[in-house]
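Work through the exercises below with the model open. Each task is followed by its solution.

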Amino acid sequence: MEDEETEREEISMRSSEIRFPEDEAVHDHIVEWWYFNGHLVDNDGCNYSFMDCLFRVDVKKVKIPFISRIPLKISYFTHSILTEHKTKKCVRRIAPFSIISDDSFSKPTLCANYINPQLKYGYTNCVIEKISGVGYYIKNEDIELFMESSKKPLLVGATGYLDLCSKKTYYYSLTNLKTEGRIKIKDKWINVNGKSWMDHQWANTCYSKDKWDWFSLQLHDGTDIICFLYDDGINKTYCSDISYPDGRQEHFDDIELIPMNRRWTSPESKATYPLDWTIRIPSRNIELILEAQVEEQEMIFGSINYWEGPLNVTGEINTSKITGVGFMELVGYPSRNNNVNHIKEEIGTILNRYVFMAKKKTATLIGAFKKTDF
């Protein structure tokens with residue numbers, strides 16, 4: 001029965017083309033996410049990068065071990081990272097449970113409001129919303145950004161429907177989002193502008209320990225490229241799609257993703273990640289060198305660890321020199337530590353800090369009460 005249900009779901013997926021703006025909103029699928037990354041600069045010329053992602057999962061069907069214990073049918077969680085390139089410092093936020101507002105996804109277009117419960121006094125209202133025909137607004141604890149898309153959506157895999165052998169998924173990208181707003185660095189909000197990228201993906205598939213190397217590239221001549229290798233342990237799927245400055249799009253399977261010698265080993269998970277890569281698309285005479293701008297960009301989510309961070313891009317297209325920026329996501333690199341224990345230690349540290357702050361505030365209130373003249 002389960003196989004028949006899966007087959008019906010896949011037929012239903014194949015029979016529908018992606019429609020805009022309707023498909024920017026939520027779908028009744030096992031897993032879905034809205035992902036943003038970007039490169040920003042402040043008024044003094046200092047550089048920053050960010051990633052912000054909201055996930056939606058069917059708790060019982062997605063089969064992520066610690067998520068499956070949540071007593072809800074649908075659950076949300078978020079990951080974000082904000083990096084200051086000059087200092088190489090980053091703020092990582094991993095919320096295993098986000099509370100979505102009742103009116104989220106109630107509009108015809110994308111609209112999500114949520115909070116990430118934290119051990120502090122107060123909360124931040126987080127937002128992912130389409131605010132005009134080509135305009136988007138995102139906000140979390142560290143960023144508040146307005147974005148304007150200058151290109152039509154890039155349908156990944158040429159059609160927006162990808163067959164990854166063991167998985168099928170809908171997938172499109174907004175590759176060129178002019179961005180302005182503000183970010184919070186050391187509790188101070190500063191104005192920034194730059195360029196961002198957005199991915200939206202949804203699928204009827206459960207979690208599995210697959211591996212992928214994923215890259216979004218924004219070249220300075222206006223060419224945008226997505227490319228990745230997806231490895232389910234049996235089959236390897238290579239994919240690349242290009243959005244050209246004039247709006248044309250092309251899809252390629254004949255790509256090469258070659259890790260170079262530079263490596264970084266996480267002190268937490270002990271996973272080792274290749275930080276520099278060569279990418280080739282022979283049929284278009286494209287050869288690009290990708291170099292990670294910051295090394296320490298690992299995210300640890302329960303038993304899952306991955307690397308997520310900004311790239312510098314150099315290379316050639318048809319023998320012409322080219323430069324640009326990008327983002328890289330490396331998933332499935334084995335951890336030699338127990339990531340769950342790491343998370344427990346982090347939670348213990350936060351709890352201890354919270355207890356200390358609560359005791360300190362209680363003592364202050366008691367002291368003030370004693371001094372009050374009634």
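## Salt bridges and cores

At 57% relative accessibility, Asp 246 is classed as exposed. The model is predicted.

**Exercise 1.** Find the salt-bridge partner of Asp 246 and state how accessible that partner is.

*Solution.* Start at the side chain of Asp 246: it meets Arg 248 in a salt bridge, 3.0 Å from N to O. Next, take the accessibility of Arg 248: 44%. Exposed requires over 50% and buried under 20%. Arg 248 is therefore partly exposed.

**Exercise 2.** Classify both partners of the salt bridge between Lys 130 and Glu 24, then place them in the chain.

*Solution.* The N to O distance is 2.6 Å. Lys 130 has 13% relative accessibility, so it counts as buried. Glu 24 has 1%, so it is buried too. Now place them. Lys 130 sits in strand β6 (residues 126-130), and Glu 24 in the loop between α1 and β1. The pair therefore ties together parts 106 residues apart in sequence.

**Exercise 3.** Which residues form a network with Arg 280?

*Solution.* First, Arg 280 and Glu 256 form a salt bridge at 3.2 Å, N to O. Arg 280 belongs to strand β20 and Glu 256 to strand β17, 24 residues apart. Then add Glu 287: shared partners join Glu 256, Arg 280 and Glu 287 into one network.

**Exercise 4.** Describe the largest nonpolar core.

*Solution.* Count its members: 32 residues. Met 51, Ile 67, Trp 214 and Phe 228 have the most contacts inside it. Strand β2 (residues 47-58) supplies the largest share, four residues. Apart from this core lies another, of 31 residues, including Cys 126 and Leu 145.

Definitions and conventions
Residues are numbered from 1 along each chain as its sequence is written. This is a predicted model: local features need pLDDT of at least 70, side-chain atom pairs count only at pLDDT 80 or more; totals for chains, interfaces and linings use all residues. Side-chain values use heavy atoms; hydrogens and water are left out. A nonpolar core is a set of buried Ala, Val, Leu, Ile, Met, Phe, Trp, Tyr and Cys residues joined through side-chain atoms within 4.5 Å. Buried means under 20% relative accessible area, exposed over 50%, partly exposed in between (1.4 Å probe, protein chains only). Helices (H or I, at least four residues) and strands (E, at least two) are DSSP runs, numbered from the N terminus. A salt bridge is a side-chain nitrogen of Lys or Arg within 4 Å of a carboxyl oxygen of Asp or Glu.
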